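Colleague: Please take me slowly through one part of this fold, the sheet and the helix that packs on it, and then place that part among its surroundings. I work at the bench, so please spell out the cut-offs behind each term as you use it.

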Amino acid sequence: MRFSKALSPLAAAATVLTAFAAAADDQLPQLPVLGAPRPDGIALQTPFTALAREVVFLDNLLLWIIVPITIFVTALLIWVIIFHNRRANPEPARFTHNTPIEVAWTVVPALILLFIALFTFPALRHQQIMPEADVTIKVTGLQWYWDYEYVDHGVQFSQFMLEREELADYGYTDDLYLLATDTAMVVPVGRNIVLQVTAGDVIHSWTIPAFGVKQDGIPGRLAELWFNAEEEGIYFGQCSELCGINHAYMPITVKVVSEADYIAWLERQGADLANVPDWMEQHIQVAATN
Ligand SMILES: [Cu+2]
């Protein structure tokens with residue numbers, strides 16, 4: 001981490017700038033950590049979007065299909081090993097074809113794949129077709145940190161991993177080392193967030209497992225992902241495309257807050273709120289009358 005900062009004077013300058021944004025971050029309400037890996041966890045993280053619930057459902061469905069197939073194939077292997085070795089069966093059969101079995105082992109796997117496709121294709125469709133965006137954010141992966149741009153409001157900041165000794169200053173516990181960052185991508189709860197994901201040097205990948213989203217950021221291209229987070233809280237992810245020596249040290253922090261807190265946060269970032277959609281307008285008027 002220190003190494004990566006030392007590498008790029010630009011990056012270092014960005015960190016200094018974002019230190020102020022992080023201080024402003026503290027004005028957000030205390031949020032529970034909802035999207036993080038657990039030390040004893042063996043399953044997917046608890047889903048907090050409709051997309052993530054669909055992913056978890058698919059995972060369970062595949063498990064119900066894979067486990068019987070694995071047991072069946074293992075039993076066949078054991079059966080062959082015991083009853084069809086050279087000692088047990090010195091005189092082997094000489095036939096080479098069995099049409100009914102060959103048809104069966106072609107048709108049955110094809111039907112299984114078709115059945116799986118019935119669920120995976122709708123899931124892919126839900127993920128890949130963007131809804132109308134309530135918030136649009138451009139995310140750029142860089143060696144080795146993230147850049148965020150709230151394209152409608154002129155807000156821009158970088159996101160660096162926190163050192164162990166910095167965690168407490170930013171309100172994080174020690175076990176969030178390698179996950180917590182100096183700034184957070186702040187978004188409103190229950191709104192469609194569309195991310196435009198790209199990269200500035202090599203391929204990176206932006207993900208939040210609890211949202212069920214992951215998208216490669218490719219230099220020169222703008223890919224999209226979307227999510228609608230259902231609960232206020234803090235969610236973590238990590239760069240998911242091997243991108244160089246500090247690949248493991250460019251985590252992602254998303255804070256999901258109420259609409260009012262989101263707009264107050266935007267204002268603290270010096271956001272341009274001249275042209276905002278109706279749902280934001282209401283909050284700004286409420287704030288003005290208070
Ligand atoms: Cu990366």
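Modeller: What follows starts with the strands, moves on to the helix, and ends with some other parts of the chain.

This is a predicted model, in which local features need pLDDT of at least 70 and side-chain atom pairs count only at pLDDT 80 or more, while totals for chains, interfaces and linings use all residues. Residues are numbered from 1 along each chain as its sequence is written.

The sheet is an open one of 4 strands, with the order β1-β10-β11-β5 and mixed pairing. Helices (H or I, at least four residues) and strands (E, at least two) are DSSP runs numbered from the N terminus, and two strands pair if DSSP finds at least two bridges between them. Strands β1 (33-35) and β5 stand at the edges with a single partner strand each, so one side of each has no neighbour in the sheet. From one strand to the next the twist averages 30°, an angle taken between N-to-C directions on a scale from 0 to 180 degrees, with axes fitted to C-alpha atoms and, for helices, over the stretch in contact.

In the middle of that order, β10 (residues 233-238) and β11 pair in the antiparallel sense over 6 bridges. Two of the partnerships can be followed by name: Gln238 has Pro251 of β11 as its bridge partner, and Gly233 is matched with Val256 of β11. The pairing of β1 with β10 is parallel and runs over 2 bridges, with Gly35 standing opposite Tyr235 in β10.

Leu34 gives a view of the sheet from strand β1, where it is found. It is partly exposed, with 18 other C-beta atoms within 10 Å; here a residue is buried if 20 or more other C-beta atoms, placed from the backbone, lie within 10 Å of its own, exposed if 12 or fewer, and partly exposed in between. Leaving aside residues up to four places away in sequence, Leu34 touches Phe48, Ala210, Glu231, Gly233, Ile234 and Tyr235, where a contact is a pair of such C-beta atoms within 7 Å.

Now to the helix: α5 packs on the sheet, where it touches β5 and β11, and its direction makes about 140° with that of β5. Within α5 (residues 259-268), Asp261, Tyr262, Ile263, Trp265 and Leu266 are buried. These buried residues pack against β4 (155-159), β5 (185-188), β11 (251-257) and α6 (278-289), a list that includes two strands of the sheet, β5 and β11. Just after α5, Gly270 takes a positive phi of about 75°. The C-alpha atom of Gly270 is separated by 28 Å from that of Leu34, with the two positions 236 residues apart along the chain.

How do α5 and α6 meet? They pack at an angle of about 80°, with their axes 10 Å apart. The two helices are therefore roughly perpendicular to each other; angles of 65 to 115 degrees earn that description, those under 35 count as roughly parallel, those over 145 as roughly antiparallel, and the rest as oblique. On the α5 side the contact is made by Glu259, Ala260 and Ile263, and on the α6 side by Trp279, Met280, His283 and Ile284.

Elsewhere in the chain there is another helix pair, α3 (residues 50-83) and α4 (residues 99-128), whose axes come within 10 Å and cross at roughly 170°. That makes α3 roughly antiparallel to α4. Their contact includes Leu51, Val55, Leu58 and Ile65 of α3, and Ile112, Ile116, Phe119 and Ala123 among the residues of α4. The loop between α3 and α4 holds His97, which is exposed, with 6 other C-beta atoms within 10 Å. His97 and Val194 are 97 residues apart in sequence, and their C-alpha atoms are 55 Å apart in space.

Two backbone details in other loops complete the picture. The peptide bond from Gln143 to Trp144 is cis, with omega near -5°, and Trp144 lies in the loop between β2 (135-142) and β3 (145-150). Leu178, in the loop between β4 and β5, has a phi near 80°, a positive value in a residue other than glycine. With 15 C-beta neighbours inside 10 Å, Leu178 counts as partly exposed.

Conventions: Contact = placed C-beta atoms within 7 Å.
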